Amino acid sequence: MKITNYEDLIMKRAMDIFAEEGLRFFGIDKEVKEIGPTELVVLESKNMFMDYTFLMEDDTYIHFEFQTTNKGVVDLRRFRAYEALLSHQTGKDVVTYVIYSGDIANPKDRLVTGISEYRVKAISMASKDGDEVFKTLIDKIQLGKNLTTHDIIELTFTPIMSGKQSKVDKILQAIRLVKNIDRKYRYDVEAILYAFANKFLNGVDLERVKEELRVTEIGRSLIEEGKKEKAIEIAKELLDILSVEMIAKKTGLTVEEVEALKNK
């Protein structure tokens, strides 16, 4: 079974939603011209996938990588390869930003090989205080003020910021606060927070988050998704025993879905 890469899910979805506001959150004030490519094809027919790129108004690329681990030189060599290939294939300058989540502080941002030096802009989310973000947002909500897009971005990333609260408590508090924002972002932020929970939590803590989400739109979607996955597992067990039509009737799947499972 393929393991879900929740790091990519969280960060890429956040950038999809917030685009330019997300860039400003990381200290980039330039305007986005268009979303850039993330797949690089080299001569040996090997595809290399970057996390995110943006073509900026000054015709340069901003390249983003999101990390929950710190492999030092190994990562920097990979980022350098991405940057060099993107620059070579597009003929444009590239600046790489590496966003480190979790408790990674002071990550390595420079690689020296021979006479050349490569640098990235390393940003540690651990340097931001999640407790302070919560306090600020709660004060704004109690005063009846609307939360800005920047506020919503900060709320979304509180689980990977520093602070005295545990990760599960930060995720739970973020879920409760997100109920006070407009529906334009609410579903997406809840989805990202759930992805954080799956990445960082397990056992009782993960169940607490699921229970908190149960009455939300994302919670209902997750319940339906769980039912569908269970039906698929049952159908697989019955493929050599019952007809496609009978399996569909017993599991609630469509005949086409069962046929697809059988062919696969």
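**Stop 1: helices α9 and α10**

Start by selecting helix α9 (residues 244–251) and helix α10 (residues 255–263): their axes come within 9 Å and cross at roughly 120°. That angle is why α9 and α10 are described as oblique to each other. Before you rotate the view, one thing to keep in mind: this is a predicted model.

Is the crossing left-handed or right-handed? Turn the pair until one helix sits in front of the other; the crossing of α9 and α10 is right-handed.

Now show the side chains where the two meet. On the α9 side, pick V244, I247 and A248; on the α10 side, pick V255, V258, E259 and K262. Colour them by class and the contact of α9 with α10 splits into 5 nonpolar, no polar and 2 charged residues.

**Stop 2: A248**

Stay in helix α9 and zoom in on A248. Is A248 buried or exposed? Its relative accessibility is 9%, so A248 counts as buried, the cut-off being under 20%. Set aside its neighbours within four places in sequence, and A248 is in contact with L253, T254, V255 and V258. Two of those names, V255 and V258, you have just picked in α10.

Next, draw a distance from the C-alpha of A248 to the C-alpha of I232. The two residues are 16 apart in sequence, and the line should read 10.0 Å.

**Stop 3: helices α5 and α7**

For another helix pair, select helix α5 (residues 167–178) and helix α7 (residues 203–213). Here the packing angle is about 5°, and the axes lie 10 Å apart. With an angle like that, α5 and α7 are therefore roughly parallel to each other.

Which residues make the contact? From α5, show V168, D169, I171, L172, I175 and R176; from α7, show D205, R208, V209, E212 and L213. Sorted by class, the contact of α5 with α7 has 6 nonpolar, no polar and 5 charged residues.

While you have helices on screen, here is a handy rule for reading them. An α-helix has 3.6 residues a turn, so residues three or four places apart point the same way.

**Stop 4: helix α4**

Move on to helix α4 (residues 149–157) and switch on a surface for everything else. Of the 9 residues of α4, 7 are buried, so this helix is largely enclosed by the rest of the structure. Which ones are the buried residues of α4? Select D151, I152, I153, E154, L155, T156 and F157.

**Stop 5: helix α2, at D75 and R77**

Go to helix α2 (residues 73–90) and find D75. With a relative accessible area of 2%, D75 is buried. Look for a polar atom of the D75 side chain: the backbone nitrogen of K71 lies 3.1 Å from it. Leaving out neighbours within four places in sequence, D75 is also in contact with Q67, T69 and N70.

Now click on R77, which lies in α2 as well. How much of R77 is accessible? Its relative accessible area is 44%, so R77 is partly exposed. Not counting residues up to four places away in sequence, R77 touches L111 and T113. For a longer hop along the chain, select Y118: R77 and Y118 are 41 residues apart, yet their C-alpha atoms are separated by 8.9 Å.

**Stop 6: two loop residues**

Select D59, in the loop between β4 (52–56) and β5 (61–67). Its backbone is worth a click: phi of D59 is near 70°, a positive value in a residue other than glycine. At 32% relative accessibility, D59 counts as partly exposed.

Then jump to N106, in the loop between β6 (94–100) and β7 (110–113). Phi of N106 is near 50°, again a positive value in a residue other than glycine. N106 has a relative accessible area of 77%, so this residue is exposed.

**Last stop: the whole chain**

Zoom out and colour by secondary structure. How many helices and strands are there? The chain comes to 10 helices and 9 strands. Switch to colouring by accessibility: of the 264 residues, 43% count as buried. Finally, bring up the contacts between residues at least 6 apart in sequence; 60% of them join residues at least 24 apart.

Methods
Residues are numbered from 1 along each chain as its sequence is written. This is a predicted model: local features need pLDDT of at least 70, side-chain atom pairs count only at pLDDT 80 or more; totals for chains, interfaces and linings use all residues. Side-chain values use heavy atoms; hydrogens and water are left out. Helices (H or I, at least four residues) and strands (E, at least two) are DSSP runs, numbered from the N terminus. Buried means under 20% relative accessible area, exposed over 50%, partly exposed in between (1.4 Å probe, protein chains only). A polar contact is a pair of N or O atoms within 3.5 Å; within protein, one must be able to donate a hydrogen and the other to accept it, and residues adjacent in sequence count only if both atoms are side-chain atoms. Contact means heavy atoms within 4.5 Å. Axes are lines fitted to C-alpha atoms, for helices over the stretch in contact, and angles run from 0 to 180 degrees between N-to-C directions. Angles under 35 degrees count as roughly parallel, over 145 as roughly antiparallel, 65 to 115 as roughly perpendicular and the rest as oblique. Ala, Val, Leu, Ile, Met, Phe, Trp, Tyr, Cys and Pro count as nonpolar, Asp, Glu, Lys and Arg as charged, and the others, Gly among them, as polar. A crossing is left-handed if the near helix is turned anticlockwise from the far one by less than a right angle, and right-handed if clockwise.
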